[in-house]
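Trainee: Could you choose one part of this model and go over it closely with me? Please give me the cut-offs as you go.

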Amino acid sequence: MTPCSTAAFVPQGAGVKASGGEPALLAVDGVTLQYPSGKDLVTATWRVSFDVHHMDRYILLGPSGCGKSSLLKAVGGFIRPTEGSIRLRNNLVQKPGPDRMMVFQEFDQLFPWLTVLGNVMFPMSARESWSLRDRRDRAISSIEKVGLTQFADSYPHQLSGGMKQRAAIARAMAMEPDVLLMDEPFAALDALTRRRLQDELLKLWDDLRFTMLFVTHGIDEATRVGSRILVLSPHPGQVRAELACPDDFDAGQRKVLEQQITEMLFESKETAHEH
Amino acid sequence: MNTDARHRPDFILEKIEKPGVALLTARLPLWQRLMRHDAIRRGLVILVMAALWEAYGRSVGNDLILPTLSSVLKALFRSFADGVMPGRVWNSLDMLLRGYLTGVALAIVVTTLAITTRLGNDLLTTLTAMFNPLPAIALLPLALLWFGIGNGSLLFVVAHSILWPLALNIHAGYQGVSETLRMAGRNPGLKPVAYVARVLFPAALPSVISGLKIGWAFGWRTLIAAELVFGASSSGGGIGWFIFSKRNDLEIPDVFAGLLVIVLIGLAMEGLVFRELERRTVRRWGMLRGS
């Protein structure tokens, strides 16, 4: 895939992209993702474009089958787009890298042979300028931020699901990536733990102001966690809307927004049936 | 009036009392406590089998067909006391360890190539399909031709017998590593060899260890068989040679003593080395359950 081939297509979202003077931190431009499934080539997303700016809590929201996870993996560099480009700080994303740390949904993302501290220090080998002592200190402070100090020397199998996800977040955050990629990190948790972790994540964001790209299928999670929401339609995933969810929204305004998104998603389901 | 709900008022407790004292657990009777130990139960099984052997051996009364356990133990003691057996055991173990380490090193190199390159993968798949069913001992005549009578030939067949089953196990282990763990490992942008060493290998360790066990057993069998086939090497021969020469002298209790030593070394290897390796790694990490 050469970069110039993208010039042939006018990305759908390009006209409505409301970018100010500041260039986007992450620019996803007309990305089509396809993967082979048996004999067929399945299209996961179709010419999706969006910009993520510094300190955004950017949500990719959509029903299952809209390719939101594939999109996140493409940003992570795990999947190559068949069309379009993904640029981080104006550099083309081509392979996984420590500037884009990912938190997965599954509990088995921690390495079972390393303690929590070992897990958090694992990706730091990519940061050659950090000394060993430096890495340790950073890991310990990151573990403290997610409240796992007591469990730093525990192995993952000794932790609960919520603690594992906290450790995974600590591991990703300690690397100070340009953008934190979250692939439904709380989806496998029970409702109570999920609420607690969402609040903790927001508190962390208040302290550290990192940029994050967060995939979810939960409308309430999107409005709770996000500052900006990209709504995707399914089969194949296409941009349906991009909505702001400012921090000063009260509960009523959030409800209205959720209602709006719900209608959008159900409507696109009906049109899908008509075909 | 007959609904229960009316007779069951809602309530909220203002204070919940915590249990103050630790609950006492009843102690099991001594017999049951002893029976909970694997070692004691298994020891009992061995004792019963030993008693059966001794009894049957005495009833046969012919040392050439089935020597009694006591005469085997006597022969075993004698062979250790006169220094013959330790030398034989040392020769065999020395050879086996060298072949084992060679085989393991080759298996790691081959599987690393196989998981990082497509050509390596094709090569490994084809080679294991070809060589895994081939008994290493069948290569001994060729090995003798190439390396002469001596340690070179033994090393070749032992390493060969370990390489393929171990490579097959390691490769299967690599392929079974979950997609999430793979992505979490690739995320910081590791180089292929570092990725195999730091992510795939530890993640596949349960398979690797089971491959090491199988390889150990295959290596032992091949070594003993090879010693039985061509007897002593320049360094004086191993346990296989001991068994072979004692059979020629019709010293059957000594033959049994040689077999017993092989069994004991196998048990020691399983019980001490592999068990300890598992306890310190895969069990500690919660990747393997059970006793």
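Mentor: Sure, and let's start with what gets a label: helices (H or I, at least four residues) and strands (E, at least two) are DSSP runs, numbered from the N terminus. The model is a predicted one, where local features need pLDDT of at least 70 and side-chain atom pairs count only at pLDDT 80 or more, while totals for chains, interfaces and linings use all residues. Residues are numbered from 1 along each chain as its sequence is written, with chains lettered from A and ligands numbered from 1 in the order in which they are written.

I'll pick the sheets of chain A and the loops that go with them. The chain has seven helices and ten strands. Take the open sheet of four strands, whose order is E2-E1-E4-E5 in chain A, with antiparallel pairing; two strands pair if DSSP finds at least two bridges between them. At its edges sit strand E2 (40-52) and strand E5 (91-92) of chain A, each of which pairs on one side only.

Now walk across that sheet. E1(A) and E2(A) run antiparallel and are held by nine bridges, one of the pairs being A:Ser37 with A:Asp40 in E2(A). Together these strands make a hairpin with two residues between them, and A:Gly38 in the turn takes a positive phi of about 65 degrees. From E1(A) you step over to E4(A), again antiparallel, by five bridges; here A:Leu26 stands opposite A:Leu88 in E4(A). The next step goes from strand E4 (residues 83-88) of chain A to E5(A) over two bridges, also antiparallel, with A:Arg87 partnered by A:Leu92 in E5(A).

The loop from E4 to E5 of chain A deserves a pause, as A:Asn90 is found there. This Asn is not a glycine, yet the phi of A:Asn90 is positive, near 70 degrees. Is A:Asn90 buried or exposed? A:Asn90 counts as exposed because it has 9 C-beta neighbours inside 10 Å. The scale runs like this, with C-beta atoms placed from the backbone: 20 or more others within 10 Å is buried, 12 or fewer is exposed, and in between is partly exposed.

There's a helix over this sheet too. Helix H1 (residues 68-76) of chain A lies across strand E1 (26-37), E2 and E4 of chain A, at about 115 degrees to E1(A). Angles here run from 0 to 180 degrees between N-to-C directions, using lines fitted to C-alpha atoms, for helices over the stretch in contact.

On to the six-stranded open sheet, with the order E6-E7-E8-E3-E9-E10 in chain A and mixed pairing. Its edge strands are strand E6 (100-103) and strand E10 (238-244) of chain A, each pairing on one side only. From one strand to the next, the twist averages 20 degrees. For a parallel pair, look at strand E3 (residues 57-61) and strand E8 (residues 212-216) of chain A, joined by five bridges; A:Ile59 has A:Phe214 in E8(A) as its bridge partner.

Two loops go with this sheet. In the one between strand E9 (228-233) and E10 of chain A lies A:Pro236, joined to A:His235 by a cis peptide bond with omega at about -15 degrees. The other loop, between strand E7 (179-183) and helix H5 (191-208) of chain A, holds A:Glu184. That residue is no glycine either, but A:Glu184 has a positive phi of about 45 degrees. A:Glu184 counts as buried because it has 20 C-beta neighbours inside 10 Å.

Finally, look at A:Leu61 and its partners in space. Leaving out residues up to four places away in sequence, A:Leu61 touches a set including A:Thr216, A:Ile219, A:Leu230, A:Leu232 and A:Ile261; contact means C-beta atoms, placed from the backbone, within 7 Å. A:Leu61 is also one of the residues that touch the most other members of the largest nonpolar core, which has 128 residues; A:Val75, A:Leu181, A:Leu213 and A:Leu230 are in that group as well. Such a core joins buried Ala, Val, Leu, Ile, Met, Phe, Trp, Tyr and Cys residues through C-beta atoms within 7 Å. The element that gives the most to this core sits in chain B, namely helix H7 (residues 151-175), with 13 residues.

Zooming out on chain A, 42% of its 275 residues are buried. Of the contacts in chain A with a separation of 6 or more, 70% come from residues 24 or more positions apart.

Key. Contact = placed C-beta atoms within 7 Å.
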